[in-house]
Amino acid sequence: MSDEEIIGLYREGKKEKAFNGLVRSYGERLYWHLRSFVQSHEDADDLLQEVFLKIWNALPLFRGEARLYTWVYRIATNEALNTLRKTRLKHLLSLSSPEASYVAGLESDPYFNGDEAQKRLLTAVCRLPEKQRLVFVMRYFEDMDYKEIAEILRTSPGSVKVSYHHAYVKIKKELSEDF
Amino acid sequence: MKKMPYIVPEGYFDRLEDRVRPWERPARRPVKKAVPYIAAAAVAAVIATGISLMPSRQQESYYPDIEAVYMEYLYSDLIPATDPELLFYDEGYTDSLNEVSDAYTVGDDELVDYLIESGATIEEARQIFLTDTLEY
């Protein structure tokens, strides 16, 4: 279902049908967008449910100034950032390392089916500052272009390029130290 | 999109639409989540109240014993009939009151503007300009 069809259905009052169309169109993409920011499939599922709840509550406020795709992604990205911050705070209060916890989580995760190199890559991504992590995930894993990422993060394409470059250099350095 | 090194349970995305039904979700009760914050706020309020109720030595030396002063002047004719509260203030305070009132006097131009805006009649305006004191 296209964005126009979804919005059209919603404005006709067929809200649940519109929302189901939205879930069908964006559910899988949003899941993968969120997956790299949490430790387990269950956490990703919970976060995705929260994102869709926020989308449902915010739909009456959608004015069409941004594309539906951008708007939905922005909500998901904000929730991902909130999750990162809560995780960081939790580890700070318990004096534990978020990276160590992430690595341990990967090793025990039944839904992780990558090899050692991918594990190192995800660990290196986990160590990036928030914005660089977001930009890297969206560019490298989700193949978004700089303009799309800039629209979602409400920044300039130039800023996105700089963030991605910094992230890329850091990850490359970290991975080359491992080998 | 590069494949992330994760898998999902079989049929997860197919069933997503059936599972994500926010219109069926009961309204969140914020009470449980807010309890720790409410508790912290209550503790802070108790501490703040305790501190505010503690007698301050500085306060006692600055303010006179109001009861004693009042009793002293109770049957005297020194209490100003028009403004009994003035009894409790020193000359400096009353001087400063006059300074403040001078700063806030209304000029004739301002008065005219006000009368025009308020829609006062000509008779009412004459009354104000011709009398020196306001009558209660």
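Chain A of this predicted model holds nine helices and zero strands, where helices are DSSP runs of H or I with at least four residues, strands are E runs of at least two, and both are numbered from the N terminus. Local features need pLDDT of at least 70, side-chain atom pairs count only at pLDDT 80 or more, and totals for chains, interfaces and linings use all residues. Residues are numbered from 1 along each chain as its sequence is written, and chains are lettered from A and ligands numbered from 1 in the order in which they are written.

Here are the two chains side by side.

| Chain | Helices | Strands | Residues | Buried |
|---|---|---|---|---|
| A | nine | zero | 179 residues | 31% |
| B | seven | zero | 136 residues | 3% |

A residue is buried if 20 or more other C-beta atoms lie within 10 Å of its own, exposed if 12 or fewer, and partly exposed in between, with C-beta atoms placed from the backbone.

Let's turn to the core of chain A. A nonpolar core is a set of buried Ala, Val, Leu, Ile, Met, Phe, Trp, Tyr and Cys residues joined through C-beta atoms within 7 Å. The largest one has 43 residues, of which A:Leu34 and A:Leu48 touch the most other members. Helices that each supply at least two residues of this core include H1 (3–11), H2 (15–35), H3 (41–58) and H4 (68–93) of chain A. H2(A) gives the largest share, eight residues. Because domain 1 (27–113) and domain 2 (115–179) of chain A both give residues to this core, it lies between them; the domain bounds come from an automatic or database domain assignment.

Leaving aside residues up to four places away in sequence, A:Leu34 touches A:Ala44, A:Leu47, A:Leu48, A:Ala76 and A:Ala80. Contact here means that the C-beta atoms of two residues, placed from the backbone, lie within 7 Å.

How do H1(A) and H2(A) pack, and at what angle? Their axes are 7 Å apart, at an angle of about 160 degrees, so H1(A) is roughly antiparallel to H2(A) (angles over 145 degrees count as such, under 35 as roughly parallel, 65 to 115 as roughly perpendicular and the rest as oblique). Axes are lines fitted to C-alpha atoms, for helices over the stretch in contact, and angles run from 0 to 180 degrees between N-to-C directions. On the H1(A) side, A:Glu5, A:Ile6, A:Leu9 and A:Tyr10 take part, meeting residues of H2(A) that include A:Gly21 and A:Leu22.

Finally, the contact between the chains takes 23 residues from chain A and 14 residues from chain B. H2(A) again appears, with eight residues, the largest share of the side of chain A that touches chain B.
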